[in-house]
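Biologist: Before I plan around this model, could you take me through its overall form and then one of its sheets?

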Amino acid sequence: MIDNDVDMEIEKKEVEEDVMETTEQDEPNKSSGTLVWTLDLSEFNDTTFSPPLYVRNLPWRIMCIPRSSNAAGSERKPTLGFFLQCNPIDVQGNNNGWSCYARATLSILSREKPENDFNRRINHFFYAKENDWGYSNFMMMEEIKDPAKGFIKDNKINLKIEVAADAPHGVHWDSKKYTGYVGLKNQGATCYMNSVLQTLYFTSQLRKAVYKMPTDGDDVNKSVALALQRVFYELQTSDCAVATKKLTKSFGWEALDSFMQHDVQEFCRVLLDHMENKMKGTCVEGTIPKLLEGKVCSYISCMNVDYESKRSESFFDIQLNIKGKRTVIESFEDYITPEILEGDNKYDAGTYGLQDAKKGTKFQKFPPVLYLQLMRFQYDPLMDMNVKINDRYEFPETLDLNEFIENPTDNEKFSLFAVLVHSGDNHGGHYVAYISPKLDGKWFKFDDDVVSKSNRTEAIENNFGGSEDESLNVRHCTNAYMLVYIKETQKDDVLTNIIDDDIPLNLTSFFEEEKREEALRRKEKQEAHLYMSVEAVTDDPFHGYQGNDLLNWTTARPNVYRVKKESSVRDMEEMIADNMGYQVDGIRLWVFQSRANSTIRPAPIENEREKTIWEVAEKETPLKVFVETIDQSNPAKGLMPYKRDEQNIIFLKYFDVMTDTMYYLTHVFLSPDSCIGDVFQHARDKIGLPANVPLALYEEVHAGRTDELTPTKLLGEMEEVFDGDIWVIQRTDLTGKFHNTVDDYFRDLNNRISVQFCDKNNPADPGFHVVLNQKMTYNEVAEVVANCIDSEPNLIQFFKPQSHRDIAGYAIKSHFEGTLKDLFMSYGQRTKSPKKLFYLRLNIAISELESKDHFRCTWLNKHREETVLSLYVAKNVTIAELLEEAKKQIEMGPDGSGKLRLLEVYSYRIHRVFSNGVSYHNIQPSMAQQTTCYRVEEIPVEETRLGPKDFLIPVAHFHQTIFQCFNHPFLFKVTEGEALQSVRARMLERFKDISEKEFEKYKFSLITHGRMTPLNDDFTFNSSDFITNVDKDTKPITEAHLDVFLHSRPWLGLEHALKPPKRSRYNYVEKPVKIHNQ
């Protein structure tokens, strides 16, 4: 019979009456299962499915399709298409987003002898778009129907599938229910971290110490210790997979760091170092060394004299070489095998001189928890890259290391606790961890958020690597990368049982409260569509505001209320009144409404109290309201009387001409028969103006426009008047320093713009903001900025920002004739948002600077270190004058010649040597070429005095081919007839950072017109070898003939290997693991 009897509709034809049997226990979450199904060939005309076999809670079916062979040149014959299909459907009817790796054997059973069964195996990563896998031509139908084969009886055949599957991802899998443990969520590429964290978590003694680390008062967002405590706490108490975002955030990592894979050993070491530092000075100090620290002795022992050098060191993990090794024991034997120092490599034993010696390592102490890193990633010099070694490498479940310790004092037997497995290659892959939490023979697989039961074969034997045998049901690139062993005599202490009561009460309370707050936030987020925001202000932010309208909402700091959309206006009034400490009849609400002229003014909702807030807001959020309140000093007076149909609310401002300041006065209610000039009395009362002071009245229509009003008119005589209009009062008997009228003030206000200025040479400079007028000229802006940075206007240069990056772009010419507005519009900045410019402090006047050329070159000092130089030179200077300008920016030692020269370097070869008399005009503009640069260098002392037979030769480094040059090319002095051995010896003196042994590997060649001629030790240098025969006037490079082009001349090539940089194991952009916070 089948494993379970779940009825499930299938669109295609399904045979339900067939007899099936199972060999597994009747649990849908089991890791493997077997299904035998009878197919009636008399009804086999279309795709046919078996009923489901449930493995890992997924439905697995036999899918049979009638097919035909398509062999070229032969008659098409019918065949049986035999597939394994998995097609889970969730409760919403979706089947996307799931995945499961499975191994299976597909069989046609013999009716006579089991050994005659026909079997074929598959391994496949099943997911929604590839939910079936198998063979289109599993077997020819004529073979199946041949009675002699023994497969068919009564026109029926028995088909069998044996399925073994990993726990699935993307579908409901209750790890806690099936295993008692939970996994960790993958943030993108954090599987390496998850594997390490699970291993550390099950090291109970370490977990208990982590719980005891003092974290009270730590920054929740930056404390790595607190974040690790949270992860361990949730792994112990949660029923579902645990998130690690707070942990990586505490590392100081950005979102991109979570998508960058790292090495498990490197991450483990960095994290444990961090924790060890955090534990210092606490009750758990020394826990990590106690668990993980071992001792090793490095020694050099002379073979013929009684002399030995020893040094004892600590280790926290052991890196084992696996190349050419079959087992862990062989790697340990290789680790302690001494190296013989003899011949040219003899050991300097001080007073004993050079001696034959043995150099080796001895283990003095193994820690209770032993981490072994298998060095599967090694550099391949032939491929010039790191490669992964997938060779078979066996490791035991019990590891006896007694033979490898110097003076054993304990039983050095270890039990395998965890196997960290890597699938993939050096470019990337995936990590999982197999752990036996109690060392009781029960293994579990921790694959990010999915935890499943495993067994010894899956955890150990299948991860030896190196086999292509399908019977192992494991991928070739999947193998163990790190092993964790625990000393048998100390496993009870290391794996001590931890219960919830062992967690400090303060941590439990903190994390539970954190959970409650997060649950509340999730609930609020889920119900967010039912609520809206209401932003409420009194007239407090109106006071002191100098702009258009009544306030700036970005700086007003309104009270924000979260209100249900279906609440009434009356409900909102009660909430706001209660929050502000008023009675409901002590406030009146006005809704800010946007007008067609881009202003926002208060409007009444006096008769709309029963409407919902969502209706009043016209389905826009947030709803902005002005809260009119009673006078707290005279609450009995109450609110000013207001009749919506008979009065308008007008807001009054006063413009002080002398101080160029705008003041908010109050709001008034006016009826149509009110005289407009009546509002003057409010100004006189508020400001204290005498009755004989002449006043004028303006309406603030919108930004940049004000209309003067006639004070003698009645309100009803005005063409338009609306609730929320703003009137501005000013004196007319005074003349202002900046503006004479309100109209002038607002016109100028409309031209104000906030500009951020940042130092071009300081990428981290936050800069400063200055409010400027868009009509300002270049010189006016320069004067303002000069005052801000304590400089002179003519000693500042401005730069536009780049459109695609937040760095300085092109320089702005000081003779720019437009306004500041024209400047920003010239590169597309037309919005009202703050603008940005970069500035540079100058040592010379900007006018002088702009009359010169900017020449960019590099300075190569005597240590072969490069520095970029930016020189500003006149267009008519000579190379000598250019070099004098360069001297101002460089430092030369007292023992040098003090003389400079200019070279043109292209593709790591010297193409031209410039004489000092050459005009700057003659420098070819080849800087646009990426591999070309100009180089300034100090002329070596020996090259300043060339004898009659001395000349200079160009020298360049190359590797394998002369078209792969690298490093710094140089000129070198030789003498006519000088031997190669002499040149080699003198050149070694120049390369002070290269050992004599390494320099011996350098091969010298003469390269002429792209042809390489290796040089023997008997070669002598002649100037004729370094000039071209094409140009008869060509001469050697001497002081008398210096300005030469070398691109077609012969040159001396130094062939040697380019030292490979330390390469990333996974990706060339991978960064080292760093934890930035404490």
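The questions below go from the whole chain to a single sheet.

Biologist: What radius of gyration does the chain have, set against that of a compact globule of 1078 residues?

Modeller: Please keep in mind that this is a predicted model. The C-alpha trace spans about 115 × 105 × 75 Å along its principal axes, and the secondary structure comes to 22 helices and 54 strands. A compact globule of 1078 residues would have a radius near 31 Å, whereas the chain has 42 Å.

Biologist: What share of the residues of the chain count as buried?

Modeller: The chain exposes about 55300 Å², of which carbon and sulfur atoms supply 47%. Taking under 20% relative accessible area as the cut-off for buried, the share of the 1078 residues that count as buried is 48%.

Biologist: In the open sheet with the order β28-β27-β31-β29-β30, which strands stand at the edges?

Modeller: The sheet has 5 strands with mixed pairing, and its twist averages 40 degrees from one strand to the next. Two of the strands have a single partner each, so one side of each is left without a neighbour in the sheet; these are β28 (559–564) and β30 (600–604).

Biologist: Which residue in β30 stands opposite Ser 594?

Modeller: Strand β29 covers residues 587–594 and is joined to β30 by 5 bridges, the two running antiparallel. Within β30, the residue opposite Ser 594 is Ile 600.

Biologist: Which helix packs on the sheet, touching β27, β28, β29 and β31?

Modeller: The helix covers residues 569–580, and its direction makes about 145 degrees with that of β28. The helix that touches these four strands is α13.

Technical notes: Residues numbered from 1 in each chain as written. Predicted model: local features only at pLDDT ≥ 70, side-chain atom pairs only at ≥ 80, totals over all residues. Heavy atoms only, no water. Pairing = 2+ DSSP bridges. Axes fitted to C-alpha atoms, helices over the stretch in contact; angles between N-to-C directions. Contact = heavy atoms within 4.5 Å. Rg over C-alpha atoms; globule rule 2.2 N^0.38 Å. Buried < 20%, exposed > 50% of the residue type's maximum accessible area, 1.4 Å probe, protein only. Areas by Shrake-Rupley, 256 points an atom, 1.4 Å probe, with all protein chains shown as cover.
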